[in-house]
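Colleague: Could you take a close look at one part of this model for me and then follow the chain outward from there? I'd enjoy hearing how you read the numbers as you go.

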Amino acid sequence: MVSEFYRNIVVATDGSENSQRAISYGVEIAKLSGATVHALYVVDTTSFSSIPMDAGWEVMYETLRKEGEKAISDVQKRGEVSGVEVREVLLEGHPSNEIIDFAENNNADLIVVGTLGKTGLDRFLMGSVAEKVVRGSKVPVLVVRSEKQD
């Protein structure tokens, strides 16, 4: 049975172990609804804005880019196992802004993001991409807490 409810699902990943549960949810929802998954990784270039562009900057940037390619490739592999079409998307910029913009400009029906579920000072100090996406997106957002809690 194919649902018309979800056709395009954005699964945002940072490549961490904590995002694995969110990926599982996104792929499973896509499988059940016949949706396409857009595996999205954002190279956070905002952290580079205060660093002079030199060889060290390039090495760091390339490392993050390769990490992103691996992260979305892992989602691709999960999709293949489940029979779900996955499109790999690698963007640069501020993660929450790029996730929202991509979803809104590509007819996404759902954004799936993971979170550590931190509260209080930890959340305030770290700043949560998931929280910023929830607050700023016009597209529905599913936030999946990782199983690992501090």
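Modeller: Happy to! One cut-off first: a residue counts as buried under 20% relative accessible area, as exposed over 50%, and as partly exposed in between. With that in hand, let's start at Thr-46, keeping in mind that this is a predicted model. The relative accessible area of Thr-46 is 37%, so this residue falls in the partly exposed class. Its place is the loop that leads from S2 to H2. If we set aside the neighbours within four places in sequence, Thr-46 is in contact with Gly-93 and His-94. There is also a long step in sequence here: Thr-46 and Pro-95 are 49 residues apart along the chain, yet 8.9 Å separates their C-alpha atoms.

Pro-95 takes us into H3, which covers residues 95-105. Pro-95 is one of the buried residues of this helix, together with Ser-96, Ile-99, Ile-100, Phe-102 and Ala-103. The arc they cover around the axis is only 165°, which puts them on the same side of H3. As background, an α-helix has 3.6 residues a turn, so residues three or four places apart point the same way. What do the buried residues of H3 pack against? Their partners are S1, S2, S3 (86-93), S4 and H5 (129-136).

At the other end of H3 comes a loop to S4, and Asn-107 sits in it. Asn-107 is not a glycine, and still its phi is positive, at about 55°. A relative accessibility of 60% makes this residue exposed, so here we are on the other side of the cut-offs from Pro-95, which is buried.

Now back to the strand before our starting loop. S2 runs over residues 36-44, and Thr-36 lies in it. Thr-36 has a relative accessibility of 10%, so it counts as buried. Beyond four places in sequence, Thr-36 touches Arg-7, Asn-8, Ile-9, Glu-85 and Arg-87. Its neighbour in the strand, Val-37, has a list that includes Ile-9, Val-11, Gly-26, Val-27, Ala-30, Val-75 and Val-86, again leaving out residues up to four places away.

Val-37 is also a good way into the interior. The largest nonpolar core has 21 residues, and Ile-9, Val-37 and Val-112 have the most contacts inside it. Two or more residues each come from S1, H1 (20-33), S2, H2 (55-82) and S4 (110-115). H2 gives the most, with five residues. Another core lies apart from this one; it has 15 residues, including Val-10, Ala-103, Ala-108 and Val-139. Ala-103 brings us back to H3, since that residue is on the list of buried residues there.

H1 deserves a stop too. With 14 residues at 1.5 Å a residue, H1 should span 20 Å, and its end C-alpha atoms are 20 Å apart, which agrees. Its buried residues are Ala-22, Ile-23, Gly-26, Val-27, Ala-30 and Ser-33. They lie on the same side of H1, as the arc they cover around the axis is only 140°. Among them, Gly-26, Val-27 and Ala-30 are also contacts of Val-37. Gly-34, just after H1, has a positive phi of about 75°.

For the wider frame, the protein chain has five helices and five strands. From the N terminus on, their order is β-α-β-α-β-α-β-α-α-β. Of its 150 residues, 37% count as buried. Contacts between residues at least 6 apart in sequence join residues at least 24 apart in 78% of cases.

One more detail for a chemist's eye: there is one aromatic pair. The ring centres of Phe-5 and Tyr-6 are 4.8 Å apart and the planes meet at 65°, so the pair is edge-to-face. Phe-5 is exposed at 61% relative accessible area, while Tyr-6 is partly exposed at 21%.

Finally, how confident is the predictor? The mean pLDDT of the chain is 87, and 82% of the residues reach 70 or more. By element, S1 (residues 8-12) has the highest mean, 98, and H4 (residues 120-126) the lowest, 48.

Terms used:
Residues are numbered from 1 along each chain as its sequence is written. This is a predicted model: local features need pLDDT of at least 70, side-chain atom pairs count only at pLDDT 80 or more; totals for chains, interfaces and linings use all residues. Side-chain values use heavy atoms; hydrogens and water are left out. Helices (H or I, at least four residues) and strands (E, at least two) are DSSP runs, numbered from the N terminus. Buried means under 20% relative accessible area, exposed over 50%, partly exposed in between (1.4 Å probe, protein chains only). Contact means heavy atoms within 4.5 Å. pLDDT is the predictor's confidence in each residue, from 0 to 100. A nonpolar core is a set of buried Ala, Val, Leu, Ile, Met, Phe, Trp, Tyr and Cys residues joined through side-chain atoms within 4.5 Å. Rings of Phe, Tyr and Trp (its six-membered ring) pair if their centres lie within 6.5 Å; planes under 30 degrees apart count as stacked, over 60 as edge-to-face and the rest as tilted. The expected span of a helix is 1.5 Å times one less than its number of residues. The arc is that of the directions from the helix axis to the C-beta atoms.
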